[in-house]
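Trainee: Please take a close look at the aromatic side chains in this structure. Then work outwards from them to whatever else the side chains and strands show, and say how far the model can be trusted.

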Amino acid sequence: MMKICSPDMKCLALVILMINSICVFSQIRHDTFVIVGCFYNGTTEVEFEVDDEEFLYADFDRDELVYTVPRFLVDDPSKLFDSEHEYRNAKKGKKSCSALVAIAKAEEKNPPEQTDPPESIVYSSEEVELGVENSLICFVNHFYPPEIKVTWTRNGLPVSEGASLSRYYLNNDQTFHQFSTLTFTPRDGDIYSCTVEHMALDRPQTRIWEPDFSHDSSVGPDVYCGVGLAVGLLGVAAGTFLMVKGHHGR
C-alpha cells in the first residue's frame, strides 16, 4: 500500500512497503507484517507487526532493533526472530526510501495528463450512387491529447489505398477534431468501417457504414410520374390553343 505525505501534512509516515508472512509461535499461526515508512524530510521508520500489533521497530540512530512487546507476554522476544537478519531487511527498506520518495515527488510535479475520449461518425461526402466514385469521411471529435490512429476496412479487410488523414483542429474547449477520408466506389453489399484508437479509450472505437441504394427504386416512378404530368400539361395547353384558334377563326 502507498500513501503520499508532504512535510507540511499531518500524517505520520509514507507507507511504501508491506510484507505479509506467516510464522509459528507455540504451534499457533500468526500474521506478521513489515512496514517501511518514509518521510519527505528523509527520515525512515521500519516496524514489525504481529497480528496487527507492533512487535518491534528499527532504531537506525542506535543501529539496532527495539522490541515493544510486553515482557509478560514474551520473556525474551529476540529469540523469536533472527534479529540480525531482520535488521538487515530494515536497512534494505530504508535504502529504497530515497528512490521511492524521489519518484513520488516527481509524480506530484508532473501529474498524469488529463485525457478526453474521442467521438466519431462516418458519412459520405456526396449522395451515394452505385458505381460512382465518392468519398467516405470519418469525423473524429472532442479528443485530447491530439494523437489518434484511424484505420479503414472494407468487408472486414484493411484498406489503406485512397485513405488520408487531415491535420488536427483545435476546438473551443481545448480538445481537438480531425478528419480521415477514404476514396471509394460504392458497390452493392459492401460494408465499410472506420476504427479510431486513442489513449483515453478502453478499446478501439469502430463505426460501420454501408451504402444505401434504396432511394434508387423510387427514382423511376417519380420520373415517369413527372414525365406523365408534363405530357398531360402539354396536351391541355395544345387543346386550349386549338380551341382559342378555332373560336377566332369563325
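**An aromatic cluster and its surroundings**

Mentor: One aromatic cluster is made up of Phe 143, Tyr 144, Tyr 168 and Phe 176. The model is predicted. In total the structure holds 9 aromatic pairs. Within the cluster, the ring centres of Tyr 168 and Phe 176 lie 6.4 Å apart and the planes meet at 75 degrees, so this pair is edge-to-face. The angle qualifies because edge-to-face requires planes over 60 degrees apart. Burial in this pair is uneven: Tyr 168 is partly exposed at 31% relative accessibility, whereas Phe 176 is buried at 17%. The value for Phe 176 falls into the buried class because that class covers anything under 20%.

A further pair is formed by Tyr 169 and Phe 179, again edge-to-face, with 6.2 Å from centre to centre and 75 degrees between the planes. Tyr 169 sits in strand β11 (residues 169-170) and Phe 179 in strand β12 (residues 176-184), so that distant parts of the chain, 10 residues apart, are linked by the pair. Tyr 169 is partly exposed, at 28% relative accessible area, and Phe 179 is partly exposed as well, at 27%.

Next, the disulfide. The search gives a count of 1, and this disulfide joins Cys 138 to Cys 194 with an S to S distance of 2.0 Å. Cys 138 belongs to strand β7 (residues 134-143) and Cys 194 to strand β13 (residues 192-197); the bond connects distant parts of the chain, 56 residues apart. The torsion about the S-S bond is about -80 degrees, so the disulfide is left-handed. Both Cys 138 and Cys 194 are buried.

The charged side chains come next. There are 2 salt bridges in the whole structure, and they join Asp 59, Arg 62 and Glu 64 in a network. Arg 62 meets Glu 64 at 2.4 Å, N to O, and Asp 59 at 3.8 Å between the closest N and O atoms. The second distance still counts because the limit for a salt bridge is 4 Å. Accessibility varies along the network: Arg 62 is exposed at 54%, Glu 64 is partly exposed at 28%, and Asp 59 is buried at 14%.

The backbone around this network is a hairpin. Strand β4 (residues 53-59) pairs with strand β5 (residues 64-67) in the antiparallel sense, over 4 bridges. Ala 58 has Leu 65 in β5 as its bridge partner. Between β4 and β5 lie 4 residues, and in the turn Asp 63 takes a positive phi of about 60 degrees.

Finally, confidence. The average pLDDT of the chain is 74, with 66% of the residues scoring at least 70. Over residues 1-25 pLDDT stays under 50, although the model has 63 contacts for this stretch beyond four places in sequence. Residues 216-250 also stay under 50, and for them the model has 0 such contacts beyond four places in sequence. Where pLDDT is low, the predicted coordinates should not be read in detail.

Terms used. Residues numbered from 1 in each chain as written. Predicted model: local features only at pLDDT ≥ 70, side-chain atom pairs only at ≥ 80, totals over all residues. Heavy atoms only, no water. Buried < 20%, exposed > 50% of the residue type's maximum accessible area, 1.4 Å probe, protein only. Disulfide = S-S within 2.5 Å. Helix = DSSP H or I, 4+ residues; strand = E, 2+ residues; numbered from the N terminus. Pairing = 2+ DSSP bridges. pLDDT = per-residue confidence, 0-100. Contact = heavy atoms within 4.5 Å. Phe/Tyr/Trp six-rings, centres within 6.5 Å; stacked < 30°, edge-to-face > 60°.
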